[in-house]
Amino acid sequence: MFKTKNLTPQQIALFNAAVISVVVALAFLIIHQTWWSALISLIVTFAISYNLIFYSLQNFIYRKVKLIYKFIYQTKASKREEFYYKNILPQKTIEEVSEDVEKWALQRRAEIEVLKQNENFRKEFLQNLSHELKTPIFAIQGYIDTLLNGAMNNPEVHKKFLENASKNVDRLVNLVDDLDEISKLESGHQQLNKEPFAVQELIREVYDSLSLRASDKQIKASIKKGCEAPLTVLADKEKIRQVLINLVDNAIKYGRTSGSIIASVYKTDGKHALVEISDDGIGISEEHLNRIFERFYRTDAARSRKQGGSGLGLAICKHIVEAHGQVIHVRSKPDIGSTFGFTLETAK
């Protein structure tokens, strides 16, 4: 027994015309008792029924189906599409049309979900950006108002307030610079100047540049034993320096006093190297790991802002690494520490 929903309009017309013509022919045979009149009625009835049913299906039902497809694609039909509507579409079964509509519905549902997520991210981004801008602006405003209201006459106070205002101006400048940097990276306008260099040498340079900050917390920074042999990669050295500075700086910020930072470099295959920066600091809870590379996302807003920074460091790292066609990831556990790793192309 076949399923009618799998039939094409031609098959439906044939089936119904056959049933009607057989019934009519049997009626003629019973009434007139002649086989030739039954045969003629069979042929005539079949021809009329088939054409009538097929015409009705094609011009009424499939006209509606055509409108459905036009609504799905939401574009003006080209000559090719008009040919499809007239010749190919009528050959489709109702089940195939149903599947097409279901696929379109699923696709639209997915698009709506993405739009909702993007809208939520946009709102969250604007809220975070507003907060990041307001904090230093209000601080600067407070210091200037206090100075204008009489504190200028006190040398010790006005120098301190001007220094604090200057720090907040620097914070604003860094925020704008980071926003400009991430905007260029996202738009693809930032050019990469790839060159071969040894990763370990760059890591040591980054350690040296941040040595004073590390020594303040008595943190020891080193390269893992067995990973000291120079491994040459092909990348934009200054961009990768920026990635390493952000990762090592975060490891210092959120590392424990008298702790350690260990860099590891592995050759994963003939074409790629894995660079990892590990610390034994406060770590990151599992629920934050999927969002840690988002702009302005902070696992602990109060603590993060107290530590300073624009909240864009990891987002910039992600975009720089992805601009190289590579990936960045994180492994972490609260009170155990964090490991940030990214891949790079090895030099031939």
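**Salt bridges, an open sheet and a buried aspartate**

E322 and K318 pair up through their side chains in a salt bridge, with N and O 3.1 Å apart. Both residues belong to helix α11 (residues 313–323), where they sit four residues apart, or about one turn of the helix. Neither end of this bridge is buried: E322 counts as partly exposed because its relative accessibility is 40%, and K318 counts as partly exposed too, at 26%. Elsewhere, E205, E238 and R241 are tied into one network by salt bridges that share partners. As the model is a predicted one, these distances are best read as computed values from that model.

Across the whole structure, the search turns up eight salt bridges. One of them brings together distant parts of the chain, with D249 in helix α8 (residues 237–253) and R213 in helix α7 (residues 211–216), 36 residues apart. Here the N to O distance is 2.4 Å. The two partners differ in how they are covered: D249 is buried, since its relative accessibility of 11% falls under the 20% cut-off, whereas R213 is partly exposed at 38%. Another salt bridge joins R291 to E294, and its closest N and O atoms are 2.8 Å apart. In that pair R291 is partly exposed, with a relative accessibility of 24%, and E294 is partly exposed as well, at 22%.

D236 is a charged residue with another story. D236 lies in strand β3 (residues 232–236). The residue is buried but takes part in no salt bridge. K239 offers the nearest side chain of opposite charge, and that is 5.8 Å away, so the pair misses the 4 Å limit for a salt bridge. What the side chain of D236 does have is a polar atom 3.2 Å from the backbone nitrogen of E238. Setting aside neighbours within four places in sequence, the contacts of D236 are Q191, L192, N193, K194, F197 and H324.

Now for the sheet. Five strands make up an open sheet with mixed pairing, in the order β2-β4-β5-β7-β6. The edges are taken by β2 (220–223) and β6, and because each has a single partner strand, one side of each is left without a neighbour in the sheet. From one strand to the next, the twist averages 15°.

Strand β7 (residues 337–345) runs antiparallel to β6, and six bridges join the two. Within this pairing, H329 has G341 of β7 as its bridge partner. The two strands form a hairpin with three residues between them, and D335 in the turn has a positive phi of about 65°. β7 also pairs with strand β5 (residues 272–279), again in the antiparallel sense, over seven bridges. In that pairing, H272 stands opposite E345 of β7.

The side chains of a regular strand alternate between the two faces of the sheet. Strand β6 (residues 328–333) has one covered face, made up of I328, V330 and S332. H329, R331 and K333 make up the uncovered face.

Helices pack against these strands. α8, the helix that holds D249, lies across β4 (260–267), β5 and β7 and runs at about 170° to β7. α11, the helix with the E322 and K318 salt bridge, is mostly covered, with eight of its eleven residues buried. The buried residues are G313, L314, A315, I316, C317, H319, I320 and V321. Their cover includes α5 (155–187), α8, β6 and β7. After α11 comes G325, which has a positive phi near 80°.

Lastly, S166 is found in helix α5. This serine counts as partly exposed, with a relative accessible area of 38%. Along the chain S166 and I140 are 26 residues apart, and their C-alpha atoms are separated by 8.1 Å.

Methods. Residues are numbered from 1 along each chain as its sequence is written. This is a predicted model: local features need pLDDT of at least 70, side-chain atom pairs count only at pLDDT 80 or more; totals for chains, interfaces and linings use all residues. Side-chain values use heavy atoms; hydrogens and water are left out. Buried means under 20% relative accessible area, exposed over 50%, partly exposed in between (1.4 Å probe, protein chains only). Lys and Arg count as positive and Asp and Glu as negative; His and the chain ends are not counted. A polar contact is a pair of N or O atoms within 3.5 Å; within protein, one must be able to donate a hydrogen and the other to accept it, and residues adjacent in sequence count only if both atoms are side-chain atoms. Contact means heavy atoms within 4.5 Å. Two strands pair if DSSP finds at least two bridges between them. Axes are lines fitted to C-alpha atoms, for helices over the stretch in contact, and angles run from 0 to 180 degrees between N-to-C directions.
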